[in-house]
Amino acid sequence: MSRQTKIGLGLAALGRPDYINIRTQKQIDKSIEAFNENALKVLDNSYALGIRAFDVAPSYGLGEKFLLDWNNSRKHNDVNLSTKFGYTYVANWEIGFDGKHEIKEHSITKLNEQWEISKALLPNLKIYQIHSATLDSGVLSNKAVLSRLNQLKKNHNLKIGISSSGTEQIKIIEKARDIIFDNEALFDSYQVTFNLFDQSCYLVLKELLANGKTVIIKEALANGRIFRNKSFQNYKTIYDYLDLLATKYSVGADAIGLRFIIDYLEPTILLSGASNCKQIEQNLKALNFELDQTEIEKLKSFSVSPKSYWEERGKLKWN
Ligand SMILES: NC(=O)c1ccc[n+]([C@@H]2O[C@H](COP(=O)([O-])OP(=O)(O)OC[C@H]3O[C@@H](n4cnc5c(N)ncnc54)[C@H](OP(=O)(O)O)[C@@H]3O)[C@@H](O)[C@H]2O)c1
């Protein structure tokens with residue numbers, strides 16, 4: 001059983017008013033001031049509870065700014081920050097914005113432009129990632145981008161990483177894994193979707209871990225879909241079993257979903273996507289118990305095909 005996995009905090013839900021999760025708490029103040037206050041509170045609370053890894057991206061609305069303000073004012077010297085380049089937030093804090101909230105651009109120009117801002121997170125910035133690397137964007141063959149990332153790695157002692165999404169995660173990871181610069185693998189860190197429903201990357205992630213790479217798990221709660229939800233009748237058996245385990249261990253379904261990943265995959269960092277202090281406290285209960293082998297096997301059996309998982313995710317609304 002793992003004693004290594006650390007829970008980290010991702011700021012995707014903390015930095016902008018709308019996000020693709022299943023909002024359980026409907027009435028929230030969506031002003032910038034309220035989000036700023038909440039983000040700082042969640043960051044302070046997370047730190048007090050022992051969290052030291054924080055993940056962000058320029059496309060998480062004001063998330064990177066909130067993290068930078070927190071980093072500069074708290075001056076902790078034991079935190080590990082990670083950010084990304086490649087997506088730009090364009091919803092301009094418009095509630096219910098009708099259109100694409102973030103625009104992908106994996107060019108050298110975008111890398112240089114976003115790095116100029118993100119570098120303010122140094123020296124606590126430890127991991128710099130390509131945001132949602134894909135095969136079709138060509139970013140993993142873009143010599144200018146890869147060589148600039150290699151330069152940043154050397155100049156700032158950073159780990160360079162990718163994040164991945166979609167049905168082609170395995171192919172993307174394998175392509176990134178084989179990129180060599182100065183006789184060394186360029187990428188040291190892989191941020192990947194893995195949860196009860198999409199377990200497809202298990203083998204490739206185990207191999208990365210065995211080779212000393214950092215594996216960061218995102219969307220561990222399937223954007224909130226692991227909580228019982230009338231819209232997802234297809235998961236009824238899973239919800240029933242999660243409730244059974246939640247009662248047994250006196251935790252919520254979230255802690256069961258997170259603990260499954262800790263016990264089965266043993267990643268380096270498991271990101272919580274909590275949007276408030278209560279959720280982070282509930283998520284952290286995953287560290288207080290262990291699932292037994294029969295329970296892990298049962299939870300393994302709930303995986304669905306990546307195709308149906310990502311089709312369903314593609315239909316989630318920004319709210
Ligand atoms: N392509 C990429 O690079 C990429 C993509 C996605 C995520 N990420 C990273 O991964 C992090 C985590 O992923 P995520 O936020 O998308 O997914 P997640 O952890 O699967 O889901 C987070 C959502 O689950 C709900 N939740 C969590 N704990 C809860 C609780 N105890 N009770 C009720 N609801 C609860 C919240 O929804 P409500 O807010 O609706 O309450 C929260 O926003 C992000 O913050 C980001 O850093 C990276």
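In the predicted model, Lys75 counts as exposed because 9 C-beta neighbours lie inside 10 Å, and 12 or fewer such atoms define that class. This lysine is found in the loop between α2 (63-74) and β3 (80-85). The backbone of Lys75 has a phi near 55°, a positive value in a residue other than glycine.

A positive phi also occurs at Ser132, where the angle is near 50° and the residue is again not glycine. Ser132 is placed in the loop between β6 and α4 (143-156). With 22 C-beta neighbours inside 10 Å, Ser132 counts as buried, since the cut-off for a buried residue is 20 or more. The two residues with positive phi described here thus fall into opposite classes, Lys75 being exposed and Ser132 buried.

A further backbone feature lies in the loop between α3 (108-118) and β6 (125-130), which contains Pro123. The peptide bond joining Leu122 to Pro123 is cis, with omega at about 0°.

Strands β3 and β6, which border the loops of Lys75 and Pro123, respectively, belong to a closed barrel of eight strands. The order around this barrel is β1-β2-β3-β6-β7-β10-β11-β12, and the pairing is parallel. From one strand to the next, the twist averages 30°. Within the barrel, β1 (residues 6-10) pairs with β2 (residues 53-55) in the parallel sense over two bridges. Gly10 has Asp55 of β2 as its bridge partner.

Methods. Residues numbered from 1 in each chain as written. Predicted model: local features only at pLDDT ≥ 70, side-chain atom pairs only at ≥ 80, totals over all residues. Helix = DSSP H or I, 4+ residues; strand = E, 2+ residues; numbered from the N terminus. Pairing = 2+ DSSP bridges. Axes fitted to C-alpha atoms, helices over the stretch in contact; angles between N-to-C directions.
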